[in-house]
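Trainee: Got a minute to go through this one with me? I'd like to ask things as they come up.

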Amino acid sequence: MRVLRRKTTKENLKDEGNVGLTPTDFLTGAKNSNSTNNEIKKQVELFQGGSSGPRLNLSGMKISSLPHTITSCAVLVKELDLSSNSIVNLPQLKPFIFLEVLRLDANHISALNSRIMSCLTSVRELYLSENLLKEIPPEIRLLVRLQKLVANHNQIKNIPKEIGACPQLVEIHLEGNQLNASNSIPAEISSCKDLEVLNVSSSLLQSLPAEVCKLAKLKTLRVENNSLTELPSSIGKCNKLVQVDVSGNQLTDLPLTIGFCADLQELKVQSNDWSV
């Protein structure tokens, strides 16, 4: 007669596909989850109590989605920090109708959902650095109040022409991307009349369009560590320039018109092909 033996908990876990996990592992996971929930609750209470101002800080919580517990105070949040988490998809932010600053740095976001982008019309500062983004979607045009876009160290291949529909943009930071296409910076960028900072350094950039020279308020131009062989001859039209970094390219000379930039205080040109 065959004697049936009750399986141990560890064996049951193995049968369920949890190979190598023990009851202790599950208890530890539950403990970590409870710890995260408690920390989220603490941050929400701090926010509701007014001690953190209009900023809700959920950075480094190891969360992969937006906790439902925070929706009750969403309408009061002006700055939401979700950086350094495990978020893969842009969270649903419709309840955050007065959100002005959104931090999503250091997550695992590979795409920006166009439907959710339409809920960010009040956002003035958007931080997306250190994700897996391959593009900035055309829906960026919906962020009509956007003043600062920071998406350093992604895999972005071009700036969409719709960037020109963001008339209040003051700063664009796209350092460490893959802007190696011929039209990676569109002519429409000239419509960003208030732009003061353009940083596309270390992004495989091969050319800088002449339309950049129509940015009359531009103060900082950072294009270092790219593959530029020349700068637009009309660069002198950017006569508000204070800082220019073109180091680490393949330039053989500089346009004479750069002498018209009377406010220029810092010009970095090292590591180019001046000897040619």
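**Chat over the model**

Trainee: Which residue in strand 5 stands opposite Y127?

Mentor: V150 is the one facing Y127. Helices and strands here are DSSP runs, H or I over at least four residues for a helix and E over at least two for a strand, numbered from the N terminus.

Trainee: How are strands 4 and 5 paired, and over how many bridges?

Mentor: Strand 4 covers residues 125–127 and strand 5 covers 148–150, and they pair in the parallel sense over 3 bridges. Two strands count as paired if DSSP finds at least two bridges between them. In general, strands of a sheet pair through backbone hydrogen bonds, parallel or antiparallel.

Trainee: Before I go on, what are the ground rules?

Mentor: It's a predicted model, so local features need pLDDT of at least 70 and side-chain atom pairs count only at pLDDT 80 or more, while totals for chains, interfaces and linings use all residues. Numbering runs from 1 along each chain as its sequence is written, and side-chain values use heavy atoms, with hydrogens and water left out.

Trainee: Cool. In what order do the strands sit in the sheet?

Mentor: The order is 1-2-3-4-5-6-7-8-9-10, an open sheet of 10 strands with parallel pairing. Strand 1 (55–57) and strand 10 (266–268) are the edges, each pairing on one side only. From one strand to the next the twist averages 5°; the axes behind such angles are lines fitted to C-alpha atoms, for helices over the stretch in contact, and angles run from 0 to 180 degrees between N-to-C directions.

Trainee: And what pattern does the chain follow along the sequence?

Mentor: It reads α-α-β-β-β-α-β-β-β-β-β-β-β, with 3 helices and 10 strands.

Trainee: Switching topic. How many salt bridges are there?

Mentor: The count comes to 8, taking a salt bridge as a side-chain nitrogen of Lys or Arg within 4 Å of a carboxyl oxygen of Asp or Glu. One of them joins the side chains of K148 and E171, at 3.9 Å from N to O. K148 is in strand 5 and E171 in strand 6, so that pair ties together parts 23 residues apart in sequence.

Trainee: How accessible are K148 and E171?

Mentor: K148 is partly exposed at 23% relative accessible area, and E171 is partly exposed at 21%. The cut-offs are under 20% for buried, over 50% for exposed and partly exposed in between, using a 1.4 Å probe and protein chains only.

Trainee: What about R222 and E224, what's their N to O distance?

Mentor: That salt bridge is at 2.4 Å. R222 is partly exposed at 24%, whereas E224 is buried at 6%.

Trainee: Which residue does E266 form a salt bridge with?

Mentor: K268, with the closest N and O atoms 3.7 Å apart. There's also a network in which salt bridges sharing partners join R55, E79, D81 and R103.

Trainee: Is H173 buried or exposed?

Mentor: H173 is buried, at 15% relative accessible area, and lies in strand 6 (residues 171–173). Leaving out residues up to four places away in sequence, H173 touches K148, L149, V150, A151, N152, V197 and N199, where contact means heavy atoms within 4.5 Å.

Trainee: And where does R124 lie?

Mentor: R124 is in the loop between helix 3 (114–117) and strand 4, partly exposed at 27%. Its C-alpha is 5.1 Å from that of Q147, which is 23 residues away along the chain.

Trainee: Backbone oddities now. Which way does phi go at S202, positive or negative?

Mentor: Positive, at about 55°, although S202 is not a glycine. S202 sits in the loop between strand 7 (197–199) and strand 8 (220–222). S271 also has a positive phi, about 60°, and is not a glycine either; S271 comes in the segment after strand 10 and is exposed at 55%.

Trainee: Last one: what makes up the nonpolar surface patch?

Mentor: V75, L76, I97 and F98, covering about 380 Å². Patch residues have over 30% relative accessible area and no salt bridge, with like charges joined within 9 Å and nonpolar side chains (Val, Leu, Ile, Met, Phe, Trp, Tyr) within 5 Å. Areas come from the Shrake-Rupley method with a 1.4 Å probe, and for residues only the protein chains shown count as cover. V75 itself is in the loop between strand 1 and strand 2 (79–81), partly exposed at 38%.
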